[in-house]
Amino acid sequence: PLVKQYVGQYPLDIQQKVQALVDDERLSVFLLERHPVKHAIYGNHELREYVMDIKNHYMKKSSPLSKVIYDDKIHVIHNALGLHTYVSRVQGGRLKSKNELRVSTIFKKSSEAMLNMIAVHELAHLKEKEHNKAFYRLCSHMMPDYHQVEFETRLYLLLLEMKQSLYDR
């Protein structure tokens, strides 16, 4: 059931290959081959700089971000890897809006490619609110291997769910 939870939307042959990796206790080996090094972006300040570099390169004209942080309250079990929130408030008769980008703290111990995928995904929500074709086109524009890394990130989450870690050995 765990494999289904994380890769259930993929074709059956892919699910079976993932199940075989789990059964043979080779999931971490597979992921380490693809992601041998963990990133070094640990603090909120570094995360903000990292995300802003991506935003300024690909989405200069999009809405500004008021906050970019790691958030330990995001429950990845509910399929949220990060959150993009849009907050509107009336302040003195004027409508104020803020965009915030939050990344689950579990990605402090992931590869840079996985962190990049989360940042790209959440940034894409500045332009496209829904997970539609335009959204995924924008993600792939910012990160050509977006879909592959998203899949591998799901495998990383599966590994964590199995109480295993990738880099703390």
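**Salt bridges**

I started with the charged side chains and found Asp71, Glu100 and Arg102 linked in a network of salt bridges. Note to self: this is a predicted model. Within that network, I looked up Asp71 and Arg102, whose side chains meet with N to O at 3.1 Å. The two come from distant parts of the chain, Asp71 in strand S1 (residues 65-71) and Arg102 in strand S3 (residues 94-104), 31 residues apart. Is Asp71 buried or exposed? I get a relative accessible area of 10% for Asp71, so I put it down as buried. Arg102 goes down as buried too, because its relative accessible area is 18% and the cut-off is under 20%.

How many salt bridges does the whole structure hold? My search of the whole structure gave 4. One of them joins the side chains of Arg34 and Glu152, at 2.5 Å from N to O. I checked where the partners sit: Arg34 is in helix H3 (residues 27-34) and Glu152 is in helix H7 (residues 146-161), 118 residues apart, so I noted a link between distant parts of the chain. I see a split in exposure here: Arg34 is partly exposed at 42% relative accessibility, whereas Glu152 is buried at 0%.

I stayed in H7 for Arg154 and Glu150, another salt bridge, with the closest N and O atoms 3.7 Å apart. Why do I find these two about one helical turn apart? Because Arg154 and Glu150 lie 4 residues apart in helix H7. In general, an α-helix has 3.6 residues a turn, so residues three or four places apart point the same way. Glu150 is buried, with a relative accessible area of 11%.

**Helices H3 and H4**

Back to H3, where I list Leu27, Ser28 and Leu31 as buried. Looking down the axis of H3, I find its buried residues within an arc of 90°, so they line one face of the helix. What covers them? I wrote down helix H2 (12-23), H5 and H7 as part of the cover.

For H4 (residues 44-58) I ran a length check: at 1.5 Å a residue, its 15 residues should span 21 Å, and I get 21 Å between the end C-alpha atoms, which agrees. The buried residues I noted in H4 are Leu47, Tyr50, Val51, Met52, Ile54 and Lys55.

**Ser111**

Next I went to the loop between S3 and helix H5 (112-124), where Ser111 lies. Ser111 is buried, with a relative accessible area of 2%. Which side chain does the Ser111 side chain touch in a polar contact? I found that of His35, at 2.9 Å. Leaving aside neighbours within four places in sequence, I have Ser111 in contact with His35, Val37, Lys38, His39 and Tyr167.

**Aromatic rings**

Last, the rings: my search of the whole structure turned up 4 aromatic pairs. I took Phe135 and Tyr136 first; their ring centres are 5.0 Å apart and their planes stand at 90°, so I call the pair edge-to-face. Phe135 is buried at 0% relative accessibility, while Tyr136 is partly exposed at 25%. I then followed Tyr136 on to Tyr146, with ring centres 6.2 Å apart and planes at 50°, so this pair is tilted. Tyr136 sits in helix H6 (residues 133-142) and Tyr146 in helix H7, 10 residues apart. Tyr146 is buried, with a relative accessible area of 0%. Put together, ring pairs link Phe135, Tyr136 and Tyr146 into a cluster.

How values were computed
Residues numbered from 1 in each chain as written. Predicted model: local features only at pLDDT ≥ 70, side-chain atom pairs only at ≥ 80, totals over all residues. Heavy atoms only, no water. Buried < 20%, exposed > 50% of the residue type's maximum accessible area, 1.4 Å probe, protein only. Expected span 1.5 Å × (residues − 1). Polar contact = N/O pair within 3.5 Å; in protein donor to acceptor, adjacent residues only side chain to side chain. Contact = heavy atoms within 4.5 Å. Arc of directions from axis to C-beta. Phe/Tyr/Trp six-rings, centres within 6.5 Å; stacked < 30°, edge-to-face > 60°.
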